[in-house]
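Hello,

Here is the structure I promised to pass on to you. Have a look at it first, and then read on for my notes.

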Amino acid sequence: MCNLYRLDAPANQIAAIFDADAGPDPWDGGYVAPARFGPVITGVQRRRIVPRLWGFPPPPRGDRRVTNVRNLESPFWIGTLRHPELRCLVPVTRFQEWSGERGAKQQHWFSVPSQPVFAFAGIMRDDGEIASFAFLTTEPNTLVGAVHPKAMPLILHPEDYDVWLQADWAQAKRLVAPYPSQLMAQASS
């Protein structure tokens with residue numbers, strides 16, 4: 001489960017890549033972890049960058065923020081997924097997965113070399129006073145699956161950004177598939 005990613009680009013560069021209004025977001029690059037703020041791109045009519053907290057509040061019987069959404073058929077998520085205005089793009093420069101046993105874990109970073117900044121498919125909620133987001137996961141491709149065999153973030157192709165942000169759920173759901181391994185790179189740290 002991906003619980004750390006980097007976005008090493010300032011807000012104005014992100015805005016240019018995603019054809020979005022940078023707004024007042026002061027993002028100047030760095031890492032994003034659960035319960036930290038990171039920029040997301042929203043907009044059914046016009047894209048804009050807004051800061052949101054990564055992770056929805058824990059469910060009634062949980063004790064951890066929900067950062068990744070995998071069961072897309074769950075009644076808990078389907079209401080959000082059906083509304084394009086509640087979907088977002090999560091800009092990323094690389095994401096991290098762990099391998100190995102406790103005490104000897106190793107970080108593995110994954111990127112998309114042809115896209116210095118790429119996007120995960122995300123969803124948003126406003127729970128109480130907190131504007132939060134999470135991103136979807138899917139079955140892993142062979143590259144990510146060698147490290148984390150359960151899931152990987154749902155990476156979108158640039159030509160699919162508008163579909164994710166604007167289309168009805170039946171059409172947007174067709175984007176749920178592993179990103180091609182051959183378009184990605186891995187580095188250990």
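The fold is made up of five helices and 13 strands. Please keep in mind that this is a predicted model. The average pLDDT of the protein is 92, and 98% of the residues reach at least 70. Strand S12 (residues 155-156) has the highest confidence, at 98, while strand S13 (residues 185-188) has the lowest, with a mean of 83.

Now for the overall picture. The radius of gyration is 16 Å, which agrees with the value near 16 Å that a compact globule of 189 residues would have. Along the principal axes, the C-alpha atoms fill a box of roughly 45 × 40 × 30 Å. Buried residues make up 51% of the 189. If you take the contacts between residues at least 6 apart in sequence, 66% of them join residues at least 24 apart.

On the surface, about 9300 Å² is exposed, and carbon and sulfur atoms supply 52% of that area. As for charge, there are 19 positive and 18 negative side chains, and the centres of these two sets lie 6 Å apart.

I then went through some individual residues, starting at the N-terminal end. Cys2 sits in the segment before strand S1 (5-7). Is Cys2 buried or exposed? Its relative accessible area is 1%, so Cys2 is buried. Beyond its neighbours within four places in sequence, Cys2 is in contact with Trp54, Thr67, Asn68, Phe95, Gln96, Glu97, Phe135 and Pro153. The C-alpha atoms of Cys2 and His148 are separated by 9.1 Å, although their positions lie 146 residues apart along the chain.

Pro91, in strand S6 (residues 87-92), is another one to look at. With a relative accessibility of 0%, Pro91 counts as buried. Which residues does Pro91 touch, not counting those up to four places away in sequence? They are Tyr5, Leu7, Ile14, Phe18, Pro39, Val40, Ile41, Val117, Phe118 and Ala119. The C-alpha atom of Pro91 is 9.7 Å from that of Asp8, and the two residues are 83 apart along the chain.

Leu156 belongs to strand S12, the strand with the highest confidence. Leu156 counts as buried because its relative accessibility is 1%. Setting aside neighbours within four places in sequence, its contacts are Leu89, Ala119, Phe120, Ala121, Tyr161, Trp164, Leu175 and Tyr179. Ala119 therefore appears in the contact lists of both Pro91 and Leu156. For Leu156 and Thr67, 89 residues apart along the chain, the C-alpha separation is 18 Å.

Thr137 is part of strand S10 (residues 130-138), and at 7% relative accessibility Thr137 counts as buried. Residues up to four places away aside, Thr137 touches Asn68, Val69, Arg70, Ala151, Met152, Pro153 and Leu154. You will find Asn68 and Pro153 among the contacts of Cys2 as well.

Arg48 gives a more open example, in strand S4 (residues 48-54). With a relative accessible area of 45%, Arg48 is partly exposed. Not counting residues up to four places away in sequence, Arg48 touches Ala20, Asp21, Val40, Ile41 and Thr42. The C-alpha atoms of Arg48 and Asp21 are separated by 4.4 Å, with the two residues 27 apart along the chain. Val40 and Ile41 are also touched by Pro91.

Finally, here are two loop residues whose backbone angles you may want to check. Asp19 has a phi near 50°, a positive value in a residue other than glycine. Where is Asp19 placed? Asp19 is in the loop between helix H1 (11-18) and strand S2 (30-32). At 53% relative accessibility, Asp19 counts as exposed.

The other residue is Ala35, with phi near 70°, again positive in a residue other than glycine. Ala35 lies in the loop between S2 and strand S3 (37-42). Its relative accessibility is 46%, so Ala35 counts as partly exposed.

Best wishes

How values were computed: Residues numbered from 1 in each chain as written. Predicted model: local features only at pLDDT ≥ 70, side-chain atom pairs only at ≥ 80, totals over all residues. Heavy atoms only, no water. Helix = DSSP H or I, 4+ residues; strand = E, 2+ residues; numbered from the N terminus. Rg over C-alpha atoms; globule rule 2.2 N^0.38 Å. Buried < 20%, exposed > 50% of the residue type's maximum accessible area, 1.4 Å probe, protein only. Contact = heavy atoms within 4.5 Å. Areas by Shrake-Rupley, 256 points an atom, 1.4 Å probe, with all protein chains shown as cover. Lys, Arg positive; Asp, Glu negative; His and termini not counted. Charge placed at Lys NZ, Arg CZ, Asp CG, Glu CD. pLDDT = per-residue confidence, 0-100.
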